[in-house]
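This report describes selected local features of one protein chain, moving from its backbone to its internal spaces and side-chain contacts. The sequence and the structure are shown first.

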Amino acid sequence: MTSPGSWSDEAPLLLVLDGSGDRLRLLLAREDGEGPSLLCAQTWAVAGQSARFLAPALEHALALFGRRASDIRRIACLRGPGGFTGIRLVLALAEGLAAATGALRAGLDVLPLLAVGPADLGPGSVLPLTWSRKGQVYAQAFSAPGPAPLTEPAALPLEAVLDLCGRLPAPLTLLGNGLQRNLSFFREHLADRTDVRLLGPDWDQPGAETLLRTAARAEYADRPVRPLYLRASDAEDNLPEFARARGLDPDEARGLLQPCTSLKTTS
């Protein structure tokens, strides 16, 4: 951590935003040519109310350090897979800041970041799971140590995750909020696997140092970050019902929304 006496008002700032998981996160770092130095890391357990907290939290953090939004030169956003609302909220804030300040943006994938911590605990494989919907998680397998990807990220039914567990190198480590929200299922079906380890909720989000290190190496550009969606949102899946309730033809409603939603990637 940089001491207050060494801060420079001219040093640019790096902002990292994560709304993909159960907790909202914000990291602010100072960049002075020797890599980023973490100024603050905030975590907010405000499920369903993130919009009330994110922008005020950033404003407060900047004020504490005597800095302004225009000092933020780079913004890294966790782009998924994860919660649709949180991801959109973070990306919207990043775009708003960029429009006002010219800050560059970069997207970081969640599952590789989650795999970093346990991948150094020993050999085998790591399988981060993030919440998708009831009976389904987002999953991607990685080798350990490393980590290096063994599979592509995908939205999988829980039974398919069990099948994947049977094909991965042992010992196998599972983690993430997709695990915690389905813990009884995985405990029951993996009970006879002595080579499987289920990590607790402390591993549900990437560590601050991992986030900062990855954000420092990311490629930034002056364009919006594309979210990583691996399935259509619940609202899109239920569009026919919503359209009929409003007296609209479902196909016509789908055609109207398709240019600006993930519907073009789904059947």
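Pro145 is placed in the loop that runs between β8 (142–144) and β9 (148–149), and the peptide bond that joins Ala144 to Pro145 is cis, with an omega of about -5 degrees. The model described here is a predicted one. Pro147 also lies in the loop between β8 and β9, where a second cis peptide bond joins Gly146 and Pro147, with omega at about 0 degrees. As a general background to these two bonds, most peptide bonds are trans.

**Internal and open spaces**

The structure holds one cavity of 30 Å³ or more, and the volume of the largest cavity is about 70 Å³. Its lining is made up of Asp18, Ser20, Gly21, Pro81, Gly82, Val110, Leu114, Thr130, Asn177, Asp204, Gln205 and Pro206. The largest pocket has a volume of about 490 Å³ and is lined by 28 residues, of which Gly19, Gly21, Gly83, Thr85 and Gly86 lie nearest its centre. Two or more residues of this pocket lining come from each of α1 (50–64), α2 (84–101) and β6 (124–133), and α2 gives the most, with four residues. Gly21 appears in the lining of the largest cavity and is also among the residues nearest the centre of the largest pocket. The table sets out the two spaces with their volumes and the classes of their lining residues.

| Space | Volume | Nonpolar | Polar | Charged |
|---|---|---|---|---|
| Largest cavity | about 70 Å³ | four residues | six residues | two residues |
| Largest pocket | about 490 Å³ | nine residues | twelve residues | seven residues |

**Helix α7 and its cover**

Helix α7, which spans residues 208–217, has Ala208, Thr210, Leu211, Leu212 and Ala215 as its buried residues. What covers these buried residues includes the strands β1 (13–18), β2 (24–31), β3 (36–44), β4 and β5 (104–109), together with the helix α3 (110–119).

**Two loop residues that flank α1**

Gln49 is found in the loop between β3 and α1, whereas Asp71 is found in the loop between α1 and β4 (72–80). Gln49 has a relative accessible area of 37% and is therefore partly exposed, while Asp71 counts as buried because its relative accessibility is 14%, which is under the 20% limit for burial. The side chain of Gln49 is joined to that of Arg52 by a polar contact of 2.5 Å, and the side chain of Asp71 makes a polar contact of 2.9 Å with the side chain of Arg67. Gln49 and Leu24 stand 25 residues apart in sequence, and the distance between their C-alpha atoms is 9.7 Å.

**Aromatic pairs**

The structure holds three aromatic pairs. One of them is formed by Phe185 and Phe186, whose ring centres are 5.2 Å apart and whose planes stand at 90 degrees, an edge-to-face arrangement. Phe185 counts as buried because its relative accessibility is 16%, and Phe186 is likewise buried, with a relative accessible area of 0%.

Conventions
Residues are numbered from 1 along each chain as its sequence is written. This is a predicted model: local features need pLDDT of at least 70, side-chain atom pairs count only at pLDDT 80 or more; totals for chains, interfaces and linings use all residues. Side-chain values use heavy atoms; hydrogens and water are left out. Buried means under 20% relative accessible area, exposed over 50%, partly exposed in between (1.4 Å probe, protein chains only). A polar contact is a pair of N or O atoms within 3.5 Å; within protein, one must be able to donate a hydrogen and the other to accept it, and residues adjacent in sequence count only if both atoms are side-chain atoms. Contact means heavy atoms within 4.5 Å. On a 1 Å grid over the protein atoms alone, a cavity is a set of points where a 1.4 Å probe fits but cannot get out, and a pocket is an open set with protein on both sides within 12 Å along at least five of seven lines; lining residues have an atom within 4 Å of a point. Grid points are joined across faces, edges and corners, and a volume is the space filled by probe spheres set on the points. Ala, Val, Leu, Ile, Met, Phe, Trp, Tyr, Cys and Pro count as nonpolar, Asp, Glu, Lys and Arg as charged, and the others, Gly among them, as polar. Rings of Phe, Tyr and Trp (its six-membered ring) pair if their centres lie within 6.5 Å; planes under 30 degrees apart count as stacked, over 60 as edge-to-face and the rest as tilted.
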